[in-house]
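Got your viewer open? Here is a short tour, stop by stop, with something to select at each one.

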Amino acid sequence: MAPAVEATWGLPKEEDGELPDPYVKLYLLPDRSKDSKRKTDVIKDDCNPKFDERFEYAVSPNELTQRTLEVSVINKKGLLFLQRSNTMGQ
């Protein structure tokens with residue numbers, strides 16, 4: 001399986017008016033381990049980010065019927081030690 005993350009649009013600004021630093025996180029459920037997690041690069045200061053990234057999961061066709069792809073858009077704003085990661089959509 002090879003899901004592609006192309007773009008999101010219309011993401012809200014932060015409460016203080018700053019633009020978000022979004023990225024997309026994927027899990028192939030029911031597995032929430034590091035092996036199942038994929039994420040895009042962070043796009044700085046953008047309410048309409050274009051990611052254009054493709055990910056791969058080694059899953060047999062029979063196993064796909066028992067799996068769900070969870071996709072979340074996260075805002076990662078701040079300095080390294082003061083970062084906030086807020087889910088913007090799922």
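We begin with the whole chain, then visit some charged pairs, and end in the nonpolar core.

**Stop 1: the whole chain**

Keep in mind that this is a predicted model. Switch to a cartoon view and look for 1 helix and 6 strands. Trace the chain from the N terminus and the elements come in the order β-β-β-β-α-β-β. Show just the C-alpha atoms: they fill a box of roughly 45 × 25 × 15 Å along the principal axes. Now turn on the surface. The accessible part comes to about 6100 Å², and carbon and sulfur atoms account for 49% of that. How many of the 90 residues count as buried? The share is 33%.

Contacts also tell you how the chain folds back on itself. Take the ones between residues at least 6 apart in sequence: 61% of these join residues at least 24 apart.

**Stop 2: the charges**

Colour the charged side chains next. You should find 14 positive and 16 negative ones, and the centres of the two sets lie 3 Å apart. Side chains of opposite charge can pair when their charged atoms come close. In this structure there are 6 salt bridges, and we'll stop at a few.

Select glutamate 18 and lysine 77. Their closest N and O atoms are 3.6 Å apart, and the two form a salt bridge. This pair links distant parts of the chain: glutamate 18 is in the loop between strand E1 (4-7) and strand E2 (22-29), while lysine 77 is in strand E5 (residues 68-77), 59 residues apart. Which of the two is buried? Lysine 77 is, with a relative accessible area of 8%. Glutamate 18, at 38%, counts as partly exposed.

Now pick glutamate 70 and arginine 32, which meet in a salt bridge of 2.7 Å, N to O. Glutamate 70 sits in strand E5 and arginine 32 in the loop between E2 and strand E3 (38-39), so this bridge ties together parts 38 residues apart in sequence. Glutamate 70 is buried, because its relative accessible area of 14% falls under the 20% limit. Arginine 32 has 49%, making it partly exposed.

Then try glutamate 63 and arginine 67, another salt bridge at 2.7 Å, N to O. Here glutamate 63 is partly exposed at 26%, and arginine 67 is partly exposed at 24%. Before you move on, select Glu18, Asp21, Lys44, Asp45 and Lys77 together: salt bridges with shared partners join them into one network.

**Stop 3: the nonpolar core**

Hide the charges and select Val5, Leu11, Val24, Leu26, Leu28, Cys47, Phe51, Phe55, Tyr57, Val59 and Val73. These 11 residues make up the largest nonpolar core. Strand E2 gives the most to this core, with 3 residues.

Zoom in on valine 73. What does valine 73 touch, leaving aside neighbours within four places in sequence? Its contacts include Thr8, Leu11, Pro22, Val24 and Met88.

Finish at valine 59, in the loop between strand E4 (50-54) and helix H1 (61-64). Valine 59 is buried, with a relative accessible area of 16%. Setting aside neighbours within four places in sequence, valine 59 is in contact with Leu28 and Leu64. For a last check, draw a C-alpha to C-alpha distance from valine 59 to alanine 2: they are 57 residues apart in sequence and 9.8 Å apart in space.

Key. Residues are numbered from 1 along each chain as its sequence is written. This is a predicted model: local features need pLDDT of at least 70, side-chain atom pairs count only at pLDDT 80 or more; totals for chains, interfaces and linings use all residues. Side-chain values use heavy atoms; hydrogens and water are left out. A salt bridge is a side-chain nitrogen of Lys or Arg within 4 Å of a carboxyl oxygen of Asp or Glu. Helices (H or I, at least four residues) and strands (E, at least two) are DSSP runs, numbered from the N terminus. Buried means under 20% relative accessible area, exposed over 50%, partly exposed in between (1.4 Å probe, protein chains only). A nonpolar core is a set of buried Ala, Val, Leu, Ile, Met, Phe, Trp, Tyr and Cys residues joined through side-chain atoms within 4.5 Å. Contact means heavy atoms within 4.5 Å. Accessible areas come from the Shrake-Rupley method with a 1.4 Å probe; for residues, only the protein chains shown count as cover. Lys and Arg count as positive and Asp and Glu as negative; His and the chain ends are not counted. The place of a charge is taken as NZ of Lys, CZ of Arg, CG of Asp or CD of Glu.
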